[in-house]
Amino acid sequence: MALLAASSCVFAVLFFFAAVEQVSSKKPNIVLILTDDQDVLLGGMTPLKKTRKLIGDLGITFKNAYVASPLCCPSRASILTGKYPHNHRVFNNTLEGNCSSKAWQKTQEPDTFSAILQHHCRYQTFFAGKYLNEYGSEAAGSVEHVPPGWDYWYALVKNSKYYNYTLSVNGKQQYHGQNYSHDYLTDLLSNISLEFLDSRTKYLPFFMMISTPAPHSPWIPAPQYERNFLDVKAPRNSNFNIHGKDKHWLIRQAKTPMTNSSMNFLDNAFRKRWQTLLSVDDLVEKVVKKLDAIKELENTYIFFTSDNGYHTDAYNNTYACVRTIANSADLQYCEFDDSEVFVEVYNLTSDPHQITNIAKSIDQEVLEKMNHRLMMLQSCSGSTCRTPGIYDPRYRFDPQLMFHHGPAAPKLFHKTL
């Protein structure tokens with residue numbers, strides 16, 4: 001069975017696992033394929049024809065699934081734990097931001113969903129590819145550290161690369177150079193995955209997580225795909241190469257229009273991203289065909305997603321947002337953590353490319369409810385993260401409360417009620 005999602009795969013995995021268990025005594029296998037910085041809105045699925053045919057067209061696409069963070073490490077930590085960043089405490093891609101830190105290893109890794117599947121559900125577990133951005137650094141335990149919950153471990157040291165990288169192979173260092181046949185990482189992950197499917201313990205269910213470097217920079221395609229998409233350019237949507245109205249000062253200071261050299265760089269980067277994804281498409285096809293060959297395809301849930309999206313010249317990079325999707329409206333509310341305490345609100349039904357900021361013109365009660373909802377999500381845990389909470393009309397709009405970190409934050413929040 002196949003499922004294609006924009007994000008939040010972990011929750012879908014656990015949900016479907018519970019559902020299948022009710023009707024079958026044989027546990028289903030689970031395969032999670034995770035790309036790096038792959039967008040949806042800018043056509044990131046376009047190069048993946050085989051993936052869309054084998055997974056998307058034959059399964060389910062979760063169109064309203066969103067990542068918890070636009071940064072790699074916090075988002076991956078959310079995928080692994082099912083928690084928002086304020087609960088797993090990974091805030092950016094550095095060790096200081098808790099990315100693969102000793103604190104993360106001690107408090108969060110023992111309870112990732114792979115550990116639960118391994119220890120409580122008797123799954124064989126397999127990981128191959130990029131884990132967390134600081135994984136393998138000396139301060140994070142070097143390559144000897146293998147997180148709990150994994151029987152087979154082939155993890156990339158630090159951030160995405162295609163050549164000249166180091167893997168931790170079950171805790172032992174393995175260096176790779178720049179020979180395409182032996183070292184191109186996406187293809188290597190494919191080969192390792194197929195080997196696992198052939199050598200696994202046959203009577204146990206398995207969970208596989210395959211985490212590709214594509215389409216993350218440095219955007220190095222396989223040699224056979226270097227000439228693909230030569231006429232493709234970055235999308236020129238209505239928000240391309242303009243500032244829009246009432247934007248944050250970071251956006252206002254950007255140079256518009258861009259220089260020709262900047263435009264050429266942008267188009268080249270966009271083109272190369274698509275080229276790297278063609279190898280991911282091959283990987284998906286090989287894994288699906290192998291599952292079919294070993295007669296496990298009908299008992300396997302396949303999830304395809306990315307850790308976060310990617311923007312080119314869209315000028316929509318914000319700090320903390322909440323989105324309200326209903327039949328009557330599709331609103332996005334965002335706050336910036338700086339001296340301006342800048343607020344953006346967009347009606348994504350009439351303004352899908354987020355050109356016009358309506359924060360100053362929207363009904364005050366609607367503004368207060370969205371601010372309140374963002375505050376609730378900032379402090380939620382467990383089941384309380386599934387509801388925006390009860391809106392109290394005594395609540396007063398104050399975006400500064402969002403970024404008062406530490407023990408005083410809840411007091412400040414409740415003081416307004």
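Q: How are the accessible areas obtained?
A: Accessible areas come from the Shrake-Rupley method with a 1.4 Å probe, and for residues only the protein chains shown count as cover. The accessible surface of the protein comes to about 19900 Å², and 53% of that belongs to carbon and sulfur atoms. This is a predicted model, in which local features need pLDDT of at least 70 and side-chain atom pairs count only at pLDDT 80 or more, while totals for chains, interfaces and linings use all residues. Residues are numbered from 1 along each chain as its sequence is written, and side-chain values use heavy atoms, with hydrogens and water left out.

Q: What share of the residues is buried?
A: Buried means under 20% relative accessible area, exposed over 50%, and partly exposed in between (1.4 Å probe, protein chains only). Of the 417 residues in the protein, 53% are buried.

Q: How many helices and strands are there?
A: Helices (H or I, at least four residues) and strands (E, at least two) are DSSP runs, numbered from the N terminus. The protein has 12 helices and 12 strands.

Q: Which residues touch the most other members of the largest nonpolar core?
A: A nonpolar core is a set of buried Ala, Val, Leu, Ile, Met, Phe, Trp, Tyr and Cys residues joined through side-chain atoms within 4.5 Å. In the largest such core, which has 38 residues, Val31 and Ile210 touch the most other members. Helix α10 gives the most to this core, with eight residues. A second, separate core of 25 residues includes Ile30, Leu32, Phe127 and Phe303.

Q: Which strands pair with β2?
A: Two strands pair if DSSP finds at least two bridges between them. Strand β2 pairs with β9 in the parallel sense over seven bridges, with Ile302 as the bridge partner of Val31; β2 also pairs with β8 in the parallel sense, over five bridges, and there Ser211 is the bridge partner of Leu34. Both faces of β2 are covered, with Asn29, Val31, Ile33 and Thr35 buried on one side and Ile30, Leu32 and Leu34 buried on the other.

Q: Where do the buried residues of α2 lie around the axis?
A: The arc is that of the directions from the helix axis to the C-beta atoms. In α2 (residues 49-56), Thr51, Ile55 and Gly56 are buried, and they cover an arc of only 75° around the axis, so they are on the same side of α2. The face turned away from this buried side carries the exposed residues Lys49 and Lys53.
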